[in-house]
Amino acid sequence: MKLRTKLTITACIIVIIPMILASVAIYVMGFVQIRNIEQTAGIEREEYIAQLNSLVPNSLIIDMIMAIMLILILTSIVMTSWIYRSIVIPLHKLNTAMQKISEGNLDFSIEVESQDEIGHLCHDFEEMRKRLKESTESKVQYDTESRELVSNISHDLKTPITAIKGYVEGIMDGVADTPEKMEKYIKTIYNKANEMDRLINELTLYSRIDTNRIPYNFHRINVRDYFRDCVEEVGLELEDKDIEFHYSNYLDNDIRIIADPEQLRRVINNIIGNSIKYIDKPKGEINITINDIGDAIQVEIEDNGKGIAPKDLPNIFERFYRTDASRNSSQGGSGIGLSIVKKIIEDHGGYIWATSKEGIGTTIHFCLRKYQEAVEDE
């Protein structure tokens with residue numbers, strides 16, 4: 001039985017039962033009065049009835065009955081309406097909302113102003129709908145990003161695989177017929193294999209980032225010694241690409257930070273790799289500068305690439321964001337390099353930003369807090 005039917009039956013009961021009881025009461029009272037008339041001594045029956053009619057006229061009794069009926073009906077209507085508005089309507093909204101959710105529609109809201117238990121139930125249901133919608137949108141975004149990542153990396157893997165196949169075929173066909181050519185072919189194959197390995201590592205790291213499972217191994221490291229080793233490795237790579245490289249470190253020799261050496265090296269390599277892709281000058285140039293800013297160090301990696309438009313600059317650390325409307329196959333990249341950089345720097349307790357001028361170049365800045373020994377009170 002539906003709640004609306006139950007309310008209708010309740011309203012009828014509120015009216016009918018009092019009417020029945022009133023009718024019974026009136027019948028009993030009339031029966032008692034008749035008995036009194038029959039037992040009255042010294043007064044004629046007709047005279048006694050006349051006295052009763054003079055005290056309580058029949059019209060007054062009818063008016064009282066009608067008034068009672070009207071009061072009962074109005075009370076029943078008011079109570080039924082109140083219960084209907086406070087219970088049935090909210091429950092109907094909940095039922096409609098559940099049907100929409102079952103159909104996959106989460107673009108609606110439930111508005112209930114009452115503060116009773118039904119109102120709290122509707123409010124909790126609305127909060128559940130919002131969280132479910134956020135979860136669904138996050139899943140859709142995650143699936144989209146995952147497909148885009150796989151597509152990007154698949155696209156980027158084709159280039160080194162094609163190159164490796166070409167050079168291997170050249171070796172098999174005897175094209176590399178001199179030691180110099182053989183060395184060049186083997187070196188190219190090695191570099192392309194390293195490029196493939198880097199792309200696969202990015203895919204693995206992306207899955208770890210999404211589940212907050214990046215493996216960190218923090219150490220106290222000397223900034224000057226650490227960056228000296230890094231720039232030596234970077235300098236060799238940039239020299240092979242005919243890119244001019246400058247390094248300046250304005251820190252004292254004993255400045256240390258708490259960091260994961262491997263992940264921090266990934267940060268530097270990703271930023272420089274991104275700079276290399278967008279250098280458009282005949283003579284490329286990359287500068288690394290480290291400054292002391294009080295209780296932290298600031299690392300600046302500057303290039304003389306084509307720069308980034310002001311509208312794109314705030315978004316370059318987002319996943320899969322590209323400043324080019326169309327994908328440039330010569331530049332490649334998975335589209336998550338800078339987002340990985342931001343994640344690692346923030347996990348180190350630092351922060352990162354970028355400045356750029358179109359046609360001049362881009363500078364990536366990041367800061368890391370210095371390590372300070374605890375001083376014990378004497």
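Which residue forms a salt bridge with Asp347? Look for Lys343: the closest N and O atoms of this pair are 3.7 Å apart. Keep in mind for every view here that the model is predicted.

**View 1. A salt bridge inside helix H8, Asp347 with Lys343.** Both residues sit in helix H8, which covers residues 337-347. They are 4 residues apart, or about one turn of the helix. Asp347 comes out as partly exposed, since its relative accessibility is 31%. In general, side chains of opposite charge can pair when their charged atoms come close. The model has 11 salt bridges in total, and two others get their own views below.

**View 2. Asp242 meets Lys283 in a salt bridge between two loops.** The N to O distance is 3.2 Å. This pair links distant parts of the chain, 41 residues apart. Asp242 is in the loop between helix H6 (223-240) and strand S2 (243-249), while Lys283 is in the loop between helix H7 (261-277) and S4. How accessible are the two partners? Asp242 has a relative accessible area of 49%, so it is partly exposed. Lys283 is partly exposed as well, at 43% relative accessibility.

**View 3. Asp292 of strand S4 forms a salt bridge with Lys370.** Here the closest N and O atoms are 2.7 Å apart. Lys370 belongs to the segment after strand S7 (361-369), so the salt bridge ties together parts that are 78 residues apart in sequence. The two ends differ in how covered they are: Asp292 is partly exposed at 35% relative accessibility, whereas Lys370 is buried, with a relative accessible area of 15%. The cut-off for buried is under 20%, so Lys370 falls on the buried side.

**View 4. Ile290, a buried residue in strand S4.** The strand runs over residues 284-292. What is the relative accessible area of Ile290? The value is 0%, so Ile290 counts as buried. Leaving aside residues up to four places away in sequence, Ile290 touches Val223, Phe227, Tyr247, Ser248, Asn249, Tyr250, Leu251, Gln298 and Val299. Cys367 is worth finding in this view too: its C-alpha atom is 9.6 Å from that of Ile290, although the two residues are 77 residues apart along the chain.

**View 5. Aromatic pairs, one edge-to-face and one stacked.** The structure holds 4 aromatic pairs. One of them is Tyr167 with Tyr185, an edge-to-face pair with 4.8 Å centre to centre and 80° between the planes. This pair links distant parts of the chain, with Tyr167 in helix H4 (residues 117-172) and Tyr185 in helix H5 (residues 179-210), 18 residues apart. Tyr167 is partly exposed, with a relative accessible area of 25%, but Tyr185 is buried at 14%. Tyr351 and Trp353 make a stacked pair, with 5.6 Å centre to centre and 20° between the planes. Trp353 is partly exposed, its relative accessible area being 29%.

**View 6. A nonpolar patch on the surface.** Which residues make this patch? Pick out Leu70, Ile73, Leu74 and Ile77, which together give a nonpolar surface patch of about 370 Å². To find your way there, start at Leu70, which is in helix H3 (residues 58-102).

Technical notes: Residues numbered from 1 in each chain as written. Predicted model: local features only at pLDDT ≥ 70, side-chain atom pairs only at ≥ 80, totals over all residues. Heavy atoms only, no water. Patch = residues over 30% accessible without salt bridge, like charges linked within 9 Å, V, L, I, M, F, W, Y side chains within 5 Å. Areas by Shrake-Rupley, 256 points an atom, 1.4 Å probe, with all protein chains shown as cover. Salt bridge = Lys/Arg side-chain N within 4 Å of Asp/Glu carboxyl O. Buried < 20%, exposed > 50% of the residue type's maximum accessible area, 1.4 Å probe, protein only. Contact = heavy atoms within 4.5 Å. Phe/Tyr/Trp six-rings, centres within 6.5 Å; stacked < 30°, edge-to-face > 60°.
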